[in-house]
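These are my notes from working through one model, entry by entry. I wrote down what I looked up and what I found.

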Amino acid sequence: RNVDGIPGEIEMLAAWMDVESPEELLAEINSMSSWRENRLVNADRGRPDRQRSAFSSVAFDYERMYEHQPVFRYLSIFQGGFTTRSAIEIAREISSRRPDLDLKVIEFRPQDVLSSIQALKEKNIIRQVTSTGTAGEIRFRMHGSVQEFGQHRLYESGELENAKVAHAQCFRDLAEQAAGEMRGPLEDRLIAQLEVEHDNLRSALRWFSDIGDAENLFRLVSALWQFWNIKGHLVEGRSWLNRALAMPDDNLAALKIEALNGAATLAWVQDDFAEALRRGSELWRVANRESNVFGVAESIYLMGLVSRSRQKLGPAYSDFSRALTLFQDLYQQGDVGAGPWIMLALSNLGSITLGQARDIRRSGEFDETAEILLVRAETFLEDALNHARAAKWDWGIAVCIAKLGDVELEREK
């Protein structure tokens, strides 16, 4: 598995079994990034060059595929696979950054990239993999050793940094586009797409972090926190959000707002209420200073979540009500992004009100008051359902319908 099942590499590994144990070879593979070049390429020198190792075999094919060499190199920058669409985008972007390259094709047309992908696939340099993504896109992947060879050639050609920049920006854009359409009809498909591209997204995060690009790191973590939340990548998500928030953020307050919202929310999901309050309070200060009403509303909503989780229902009700008013004002001003937040605030108000009705009925007194509260809870939840339906948000619709069912069950008791 660690040599991708490539026969040439397996054969060369077997040659070293006389002097090293499998455990020693495995440790060496895992600890040496240049292991294949140091050991496999130089192994069994009595053989023809083409048979020495996977590296030599790939090099043999590479030198005879001149017109496909640029795309070969560019595809090695992907982590976890790629689609033809992303390959075309990356090829265009990298080549545009190096107009001095001595290549037959400088401005890649889609058919040029597709032709190279077909040729590389026929040579088994890349392989088609089963995709769990969306839109019926075919995915391809390079073997680890082939990818390492391609990245070495990227370095030699002076394209490696440009390739990393183009790759990171490509997947930053993908994440931002997905974030803009979350909490709507495309949410499930977008989450599935981000999950398939998770390795590429991680690579982009590492690149922005390694070069100290706070602006792009803020943009990417802000776009990904809802994905991390939905898929349960909470520890990883919080780590990246905290890493971004620890970077110098001069003149980046506007970008910092959504990162703080994500950091506070993921902390709340993990019952880290102290951290959620700390980040939520920081969000309120930054948003208020920037006159960002949306951010202020988010911070107040977060305070409501924490209070409700701590069973402080009075303060929670007050926070959700204040957040609701702000989100409704934004919605009336044409900010449709406030719609799902209105649904969330109304849903929480409905749940708190339903809980109050239950407490009263269980006490055996004030049955009329309990019914008034049930009607109020039902009103909150029906309004929430209307907003979820307006956004075509399946999760929100399901939540509201389930809670309305709870109201009816309480009535029948």
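**Entry 1, Ser76.** I looked up the surroundings of Ser76 and found that, leaving out residues up to four places away in sequence, Ser76 touches Met142, Gln147, Gly150, Gln151 and Leu154. Ser76 sits in the loop between helix H5 (69-75) and strand S1 (82-83), and I count Ser76 as buried because its relative accessibility is 0%. I then checked Leu75, for which the contacts, again without residues up to four places away in sequence, are Phe82, Ala87, Ile117, Leu120, Ile126 and Met142.

**Entry 2, the model as a whole.** I note that this is a predicted model, with an average pLDDT of 85 over the protein chain and 82% of the residues scoring at least 70. I looked for the weak stretches and wrote down two of them: over residues 32-37 pLDDT stays under 50, and the model has 21 contacts beyond four places in sequence for them; over residues 99-106 pLDDT also stays under 50, with 13 such contacts in the model. I keep in mind that predicted coordinates should not be read in detail where pLDDT is low.

The protein chain has 20 helices and three strands, and buried residues make up 50% of its 413 residues. I also looked at how the contacts are distributed along the sequence: among those with a separation of 6 or more, 65% are between residues 24 or more positions apart.

**Entry 3, the nonpolar core.** Which residues have the most contacts inside the largest nonpolar core? I found Leu75, Trp228 and Phe327, in a core of 111 residues. Helix H18 (residues 338-363) gives the largest share of this core, with eleven residues. I set beside this the general tendency of nonpolar side chains in soluble globular proteins to be buried together.

**Entry 4, helix H12.** H12 has 18 residues, and I compared its reach of 25 Å, from first C-alpha to last, with the 26 Å expected at 1.5 Å a residue, to which it is close. I nevertheless recorded a kink of about 40° in H12, centred on Leu224. The helix is mostly covered, with 13 of the 18 residues of H12 buried. Just after H12 I found Gly232, with a positive phi of about 80°.

**Entry 5, helix H13.** For H13 (residues 234-245) I made the same kind of check: twelve residues at 1.5 Å a residue should span 16 Å, and the end C-alpha atoms are 16 Å apart, so the two agree. Which residues of H13 are buried? I listed Leu234, Gly237, Arg238, Trp240, Leu241, Ala244 and Leu245. Seen down the axis of H13, these buried residues fall within an arc of 165°, and therefore they line one face of the helix. I recall that an α-helix has 3.6 residues a turn, so residues three or four places apart point the same way. I then looked up the partners of the buried residues of H13, which pack against H11 (198-210), H12 (214-231), H14 (253-269) and H15 (273-289).

**Entry 6, Leu260.** I moved on to helix H14, where Leu260 has its place; Leu260 is buried, with a relative accessible area of 0%. Setting aside neighbours within four places in sequence, I found Leu260 in contact with Leu245, Arg279, Glu282, Leu283 and Val286. I also noted Val221, which is 39 residues away from Leu260 along the chain, with 9.9 Å between their C-alpha atoms.

**Entry 7, two loop residues.** Most residues other than glycine have a negative phi, so I looked for exceptions. Asp271 has a positive phi near 60°; Asp271 lies in the loop between H14 and H15 and is exposed, with a relative accessible area of 54%. Gln311, which is not a glycine, has a positive phi of about 65°. Its loop lies between helix H16 (293-309) and helix H17 (313-332). Is Gln311 buried or exposed? I found Gln311 exposed, at a relative accessible area of 60%.

**Entry 8, Val375.** Last, I looked up Val375 in helix H19 (residues 367-391). At 38% relative accessibility I count Val375 as partly exposed, and I noted that Thr353, 22 residues away in sequence, is 9.3 Å from Val375 in space, C-alpha to C-alpha.

Definitions and conventions
Residues numbered from 1 in each chain as written. Heavy atoms only, no water. Expected span 1.5 Å × (residues − 1). Buried < 20%, exposed > 50% of the residue type's maximum accessible area, 1.4 Å probe, protein only. Arc of directions from axis to C-beta. Contact = heavy atoms within 4.5 Å. Bend = angle between axes of the 7 residues up to and from the residue. Core = buried A, V, L, I, M, F, W, Y, C linked by side-chain atoms within 4.5 Å. pLDDT = per-residue confidence, 0-100.
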